[in-house]
2 protein chains.
Amino acid sequence: MAEIDVPEPFHSRAVALDRADRLAALRDEFLPAEGVIAYLDGNSLGRPLRVTAERTAAFIREVWGTRLIRAWEEGWMDLPTVVGDRIARHALGAAAGQTVVGDSTTVLLYKLLRAAVEARPGRDVIIADTHNFPSDRFVVDAVARECGLEVRWLEPDPRGAVTPAELRAALDERVAVVELSHVAYRSGAIADLAEVTRAAHAVGALALWDLCHSTGVVELALDDDAVDLAVGCTYKYLNGGPGAPAFAYVAARLQDVLRQPIEGWMGAADPFAMGPVYEPAPGIRRVISGTPPVVGMLPVSDMLALLSTTDMRAVREKSSALTAFAIAFADERLARFGVTLASPREPERRGGHVMLEHPAAAALVAELWELGVIPDFRPPDGLRIGLSPLSTSFLEVAEGLAVLERLLTRRHGHN
Amino acid sequence: MAEIDVPEPFHSRAVALDRADRLAALRDEFLPAEGVIAYLDGNSLGRPLRVTAERTAAFIREVWGTRLIRAWEEGWMDLPTVVGDRIARHALGAAAGQTVVGDSTTVLLYKLLRAAVEARPGRDVIIADTHNFPSDRFVVDAVARECGLEVRWLEPDPRGAVTPAELRAALDERVAVVELSHVAYRSGAIADLAEVTRAAHAVGALALWDLCHSTGVVELALDDDAVDLAVGCTYKYLNGGPGAPAFAYVAARLQDVLRQPIEGWMGAADPFAMGPVYEPAPGIRRVISGTPPVVGMLPVSDMLALLSTTDMRAVREKSSALTAFAIAFADERLARFGVTLASPREPERRGGHVMLEHPAAAALVAELWELGVIPDFRPPDGLRIGLSPLSTSFLEVAEGLAVLERLLTRRHGHN
């Protein structure tokens, strides 16, 4: 790997920040990636922990291979709620019994949105926003169409999030559900989860949150904030692996009144009774439909064990410092090449990633990948820098952005 | 492990059958399970192959851990259809481009049943049967309720399957979809897939098949039999591991007219365009909703590689011989204790498992598990013997049933 020349004062700053980083030692828990100078896409796919490969292999040999079907009675049946409770405890600020792992985020969004709409009979509006992630918007559209509802699309500042004031202006007693992302997948802007939820409740609506880009990087307090429903993914900041199962949170007070549409044997009160009629399980288990993805739930457990050695306040603090460092580098070294910031400047309004924009973003990302610097491209012109706090150092960010600076210098013919 | 005394002539017969078994060598490809005398539940959860543990670990280290997000462009995006096509080729008798892997069987049943109902507007009846697996019945009920349809429940012989004649008597032009299992999860009876599908088509209805208990053990010819839609699981005879993702088959002729209800970014024509409106992907990809379960799809690939070294005719032949052997043992050695056969006697009407019944089945299965003999209990009185052809020997079946005979002898106080 070639030596990366990081310009001053960023090199010294990065070294100092890494030295002062209380979480720096945890970085050794992740598998190093040969040939990768800077992994700046932890918010698309988290890196595996060192223990994950061997722990998964040992599971296959010793549990699946040896206990075989008996393992369903020896722990697998409870895995969706056991892992769910650990996510709740370490990342969501939620008490046990409200979180379950399974399906994909899209499928869980569909299930919870349908359940929410049906829990508000007589109301015929869903509120959503045009900058939300495609699956969120597509599921909102699909559920509205099939249930004969209308969608009120909010159009927030593309670099911000829906504000409580914007939401209040759209709310009335026709609204059944408000569906929003906590952290915007593109800009990284944080919505005011507590205040938005309160505003929805004021007109009797439910709030359904997509937590994909906040789980494991932004502090959450779902119980204190009176959140109704939420979904999120485990393959970003929870390092669950590509396509790892998602999670759903349903507040305890709503569990017995909600009924999700995909009724399967594993969400039934007694899965092995195999009776004639579906009777939903009490509590959060009724969110489950089919057989839980046992192998898929293993890697996230390793990250939850690591998270349990620290806390979300410390993670968030490092995350804010990482994004601030990236923004300072962009301002001081990249702006002259036409790179602009498309994320909020205020740290408290920004999640774990930074969106930079440049007309040549698509080509730049392709060149960066070739060189072992891995951010993400988001159309039309976004270069997204996702900084997973536990696996990323300040020097790594500095080296990655120094390579970007070198490419921009070459492209623009000056330095 | 104690020596198991297998009574004659079953011991000699088992040894001779194993010696003549052309597939016997493949048994070494599976991980041996310490302490297990006989694994008779391959139709609940197949055993892992020897290569699977290390191959999964290598994937985590070398692909996820090293290629990171780049791997989505280097193969992961296509994995659902690549693995689907291999299932189609090696197990379904179907051409490429019609099978996709993802979700759970329950979720895929929901998606395809909803799509099928909507493809037959103006029709208001679903036909299903009361002996189908709980998820099938629950999903049929749920879809009927939400779409305002009526279910015509057929009540076949509990030891058999719905016959084409029974079905024809229930069919008329109000019927949108017929939803049935190919092999019954309890009795193991095989439905006449081709003839039932033909009967459905004769009134303009679609046929949706649950192939969970036939995939990888019974020969299928989905294309030749003009099947419309099917789902199945990969953790039984395809050895995909606990909770491995399911698969869906949609005949090419129907793909562009069907629209499934859970519209997500990964089923969109261009997932990374992230445009304002969902445009379904052409072909089978539109069945996908969320991010494909990459890690969950790995183990099944190992079994498909093994299946590619033989063919379903040979697998089915061994399967029939295994179930015939188990039935002969039950008839000659266990019937005197009140054990009865609840599966078809005719080999061509029987899938890969055999259902025995005894009033004490629940207690017997618990005792067998303690001794390392692992069949399954199915209420109220079923002792199910699932014989995965590639991983099961005749002597293993003989030893397992000999232990059952010993328990029955002790319980009944005679021999």
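## A two-chain model, from one helix outwards

Let us start inside chain A: eight of the ten residues of helix 9 (residues 298-307) of chain A are buried, so this helix is largely enclosed by the rest of the structure. Buried here means that 20 or more other C-beta atoms, placed from the backbone, lie within 10 Å of the residue's own (12 or fewer is exposed, in between is partly exposed). Helices (H or I, at least four residues) and strands (E, at least two) are DSSP runs, numbered from the N terminus.

A word on what you are looking at: this is a predicted model, in which local features need pLDDT of at least 70 and side-chain atom pairs count only at pLDDT 80 or more, while totals for chains, interfaces and linings use all residues. Residues are numbered from 1 along each chain as its sequence is written, and chains are lettered from A and ligands numbered from 1 in the order in which they are written.

### Two helices of chain A

The buried residues of helix 9 of chain A include A:Leu298, A:Val300, A:Asp302 and A:Leu307. Their cover includes helix 2 (50-67) and helix 3 (79-92) of chain A.

Helix 5 (residues 134-147) of chain A has 14 residues and reaches 20 Å from its first C-alpha to its last, close to the 20 Å expected at 1.5 Å a residue; the expected span is 1.5 Å times one less than the number of residues. Among its buried residues are A:Pro134, A:Arg137, A:Phe138 and A:Val143. The buried residues of helix 5 of chain A pack against partners that include helix 4 (105-118), strand 3 (125-129) and strand 4 (150-154) of chain A. After helix 5 of chain A comes A:Gly148, with a positive phi near 70°.

### Chain A as a whole

Chain A has twelve helices and 13 strands. Its radius of gyration is 22 Å, close to the 22 Å that the globule rule gives for 415 residues, so chain A is as compact as a globular protein of that length. The radius is taken over C-alpha atoms, and the rule is 2.2 Å times the number of residues to the power 0.38. Buried residues make up 58% of the 415 residues in chain A.

The domain assignment, which is automatic or from a database, gives chain A domain 1 (10-50 + 311-412) and domain 2 (75-307). Their centres, taken over C-alpha atoms, are 28 Å apart. The contact takes 30 residues from domain 1 of chain A and 25 residues from domain 2 of chain A, where two residues are in contact if their C-beta atoms, placed from the backbone, lie within 7 Å. Helix 10 of chain A gives the most to the domain 1 side, with five residues.

### Where the chains meet

In the pair, 65 residues of chain B are in contact with 65 residues of chain A. On the chain B side, the largest share, ten residues, comes from helix 2 of chain B.

Here are two contact sides by class (Ala, Val, Leu, Ile, Met, Phe, Trp, Tyr, Cys and Pro count as nonpolar, Asp, Glu, Lys and Arg as charged, and the others, Gly among them, as polar).

| Side | Nonpolar | Polar | Charged |
|---|---|---|---|
| Chain B, touching chain A | 37 residues | 17 residues | eleven residues |
| Domain 1 of chain A, touching domain 2 of chain A | twelve residues | eleven residues | seven residues |

Chain B can be laid on chain A with an RMSD of 0.0 Å by a turn of 180° and a shift of 0.0 Å along the axis. That is the relation of a two-fold axis; the superposition is by least squares on the C-alpha atoms of residues with pLDDT of at least 70 in both copies. Since 100% of the interface residues of chain B are also interface residues in chain A, the copies meet through the same surface.
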